[in-house]
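Colleague: Please take a close look at one part of this model, the open sheet, and then place it beside the contact between the chains.

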There are 2 protein chains.
Amino acid sequence: MRLVLDAMGSDNHPHPDVEGAVLAAREYGVEIILVGDEPTLAPALAAQNPGGLPVSIVHAPEMLTMEDKGMALALKAKRKEAKNSMAVGIDLVKRGEAQAFVTAGNTGAAGATAYFRLGTLPGIERAALAPAFPTRTGSCVVLDIGANPDCKPENLLQFGIMGSIYAERVRRVRAPRIGLLSNGEEAGKGNQLVRDTYPLLKASGLNFVGNVEAKELIAGEADVVVTDGFTGNILLKSAEAVAKLITDVIREKIQTAALPVKLGGALVRPALRSLRTLLDPSQEGAAPLLGVNGLVFIGHGRSDAFAIKNALRVAKAAVESDVVHSIREDIAARMAQPAA
Amino acid sequence: MRLVLDAMGSDNHPHPDVEGAVLAAREYGVEIILVGDEPTLAPALAAQNPGGLPVSIVHAPEMLTMEDKGMALALKAKRKEAKNSMAVGIDLVKRGEAQAFVTAGNTGAAGATAYFRLGTLPGIERAALAPAFPTRTGSCVVLDIGANPDCKPENLLQFGIMGSIYAERVRRVRAPRIGLLSNGEEAGKGNQLVRDTYPLLKASGLNFVGNVEAKELIAGEADVVVTDGFTGNILLKSAEAVAKLITDVIREKIQTAALPVKLGGALVRPALRSLRTLLDPSQEGAAPLLGVNGLVFIGHGRSDAFAIKNALRVAKAAVESDVVHSIREDIAARMAQPAA
C-alpha cells in the first residue's frame, strides 16, 4: 500500500508532516510518498533517520496556502500542469500510483483540488467532509461539515449513504444509525431542507433513526449525522469554541487561585488529561472527503507529528476497506432501481 | 410597574414560579400578577408568606404543555376566548393592564400565543427569540435561536436592528457590534442566506462587524449575533451539549479516581463553581421574543425560583427601557426613508 502525504500541509510544515510520515511508515508498515519542495524535504526527512523505511519524496515546487481562495484557487486546483503539492499528490492517486492522499493544508484548497482532479463518483453531486465527533460512547461521523454551504435534499440523502458505508466499512459499525441534524427530535421539526430530506432518508433503506439534536449526537444515539455543510460547520465550531472556553477557564481559575486550589489542580490533572484526549482532534488525525473518485483525507492545520501519523492510520484503514469502491457500487445499484 | 408571570410555566410549576414571583416582588419592588389555576395558586402563594407584597392571582383554568404543537396549538393560541394561562396572561399585556409577560413554559406555545394575540410590530415580519450567550468578556445576544427555522435576508436584517436596540437599551451596550453567524470570517463566506444578508447589514447603519464564527462570538467580539432560527438553535444546543459533556466527564473522572484526585476535586470545587455560574442559563432567566407588539420573555422549562426571579428582573429592565417603543420607532423611521 502506498499513501501520499502533502508534506507542505501543516501550519508548521514540513517537520510535523515528515516526522508523522516516518512514524506511520515504521508503525503501520505502509509506503509513504512525501510531496513538496524537494530541497526542503530531503534534509527534513534525513533528520528523521528513516533508515530503510519506504518513505520517498516527489518534488512539487509550489504550494497552496490559506491565502488561496475563490476563483484564483479554482484555477490553481484545476490547471492540468499545476505544480503545487496538493495537485501533484492527488494526481498520484488519480494515476493509481498511490491509494490515498492526506493533507493538513487549507481545507478549501484540498477540497477544490480533489474535486477538480478526481471528480465525483457517478451519481454523486457533492463531496462531503466527514469528521468523527467525540461522543459519550465513542464517536459519530458528521457530514458535511464545510464543503457545501448550500445543499439540496438529494445531497443530504447521498451524504447519508456515503456516511453509512464509511461508518460500516472503515469504522466497523454494524448497521450504522443515521440521524438528521435538526432543531428538535420530532418528525416535522427542522428547516425546509431538513423537512424535505426526512422522507428521503426514511425511504432510503438506511438505518435512519430520525432527527437528532446535538444532545443525542453527543449521547451517542447515532453513528452518522447528516447535515448541510454550513450547519455542520456551525455545530463543529460551536462545540470546539465551548470546549476551549471551558478548559481555558478551568485552567485560569486554578492557576490564579489560592494554594489549596492550586494543589487540588495538580491532583486532578491526570483526570483532566483524559478529557483532553477525548476532545483532541489529533486523535483522529483527518477527515475523509467522501464522494470524490479517490481517497482524500484532510486534517487540521495545527496537526503535529502524532496527528499526521493518525491521519495516515485512518487513510490506511480506508484503503483496506475499499470504501470508495463500496460507495460507487451502492450508488450505482440505487440508480439502477426504478424510482420509488 | 406590573409584570405578568405564567405560574403554570416551569416543569415543576407552580412552586418555582410562585416563589420566584414573591422573591422578585420583594427584591425589585414590582407588582406581579400570577396567571394560572386559582385553586392551585392560592395555597402556593400563601405558603410563600407574601405579606403585603403586591402579588395577585388572575385565574386561568387551562394551560398549554409540551404536548401542544402544530395546528392544534395554533388554534389554542389564537382563539379569542382561550382560557390557558399564556393566552390570559398575554391578553393582560395586550390590554395594557401589565407591561410584560414572562413564562418558563413551552417555547413554541409562548411564541405562537404572543404572535397571534399581540401581532408583530409594523414592518416586522418575524419575531425572534434572543437569549444572551455567555462569552469570555460578558455576554452576547444571539437571535433568532428557534422561532423561525427558515428566514429571508430581510428577516435577518430586522433581527440585527432589533438586537442592536435591545443590547443598547436593555443591556446598556454602547453602539452594539452586530455580527452575522457564518462558517468563516471573511466576507463572501456563508450559505446563500448569509451571503445575501451581508450587504443588507453592511448598508444598515448598524455597527456591523461582519461575519463571525462561534470562536469570535465566545471571545466577545460581537454584542449581537444574527442568524436564522434553525442555525441559532444548532449553535445553542451544540454549546449546551458540549458544556454538559465536559462537566459530566470531569465530575465522573474525579469521583471514580483514586483518593488524591478525589481530594484534589474537593479543593478545586470553588473554582469549578464559578464555571457553573458562567454556563448557567438561570442567571439570565429568560430571553425576549423581539418583534411582537409587547414584551414577552421565555425561560427554560427547568427554571427554579432563582431563574424565575432573574427572568422578572430582565423583564423589568426591558419595561424601564421602553424597548418595544424604540424598535417600533426605529423600524418606522427606516420605512419612511426612500429605499437605497
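Modeller: The sheet comes first, then the contact between the chains. This is a predicted model, in which local features need pLDDT of at least 70, side-chain atom pairs count only at pLDDT 80 or more, and totals for chains, interfaces and linings use all residues. Residues are numbered from 1 along each chain as its sequence is written, while chains are lettered from A and ligands numbered from 1 in the order in which they are written.

In chain A, five strands make up an open sheet with mixed pairing, ordered β6-β7-β10-β8-β9. Strands (E, at least two residues) and helices (H or I, at least four) are DSSP runs numbered from the N terminus, and two strands pair if DSSP finds at least two bridges between them. At the edges are β6 (132-134) and β9 (207-212) of chain A, each pairing on one side only. From one strand to the next, the twist averages 30°; axes are lines fitted to C-alpha atoms, for helices over the stretch in contact, and angles run from 0 to 180 degrees between N-to-C directions.

β6(A) runs antiparallel to β7 (residues 139-143) of chain A, joined by three bridges. A:A132 has A:V141 of β7(A) as its bridge partner. Helix α7 (residues 192-202) of chain A lies across β8 (177-181) and β9 of chain A, at about 165° to β8(A).

As for the chains, 45 residues of chain A are in contact (C-beta atoms, placed from the backbone, within 7 Å) with 45 residues of chain B. On the chain A side, α8 (214-219), α9 (229-255) and α10 (259-279) are the elements giving two or more residues. α9(A) gives the most, with 17 residues.

Terms used: Two residues are in contact if their C-beta atoms, placed from the backbone, lie within 7 Å.
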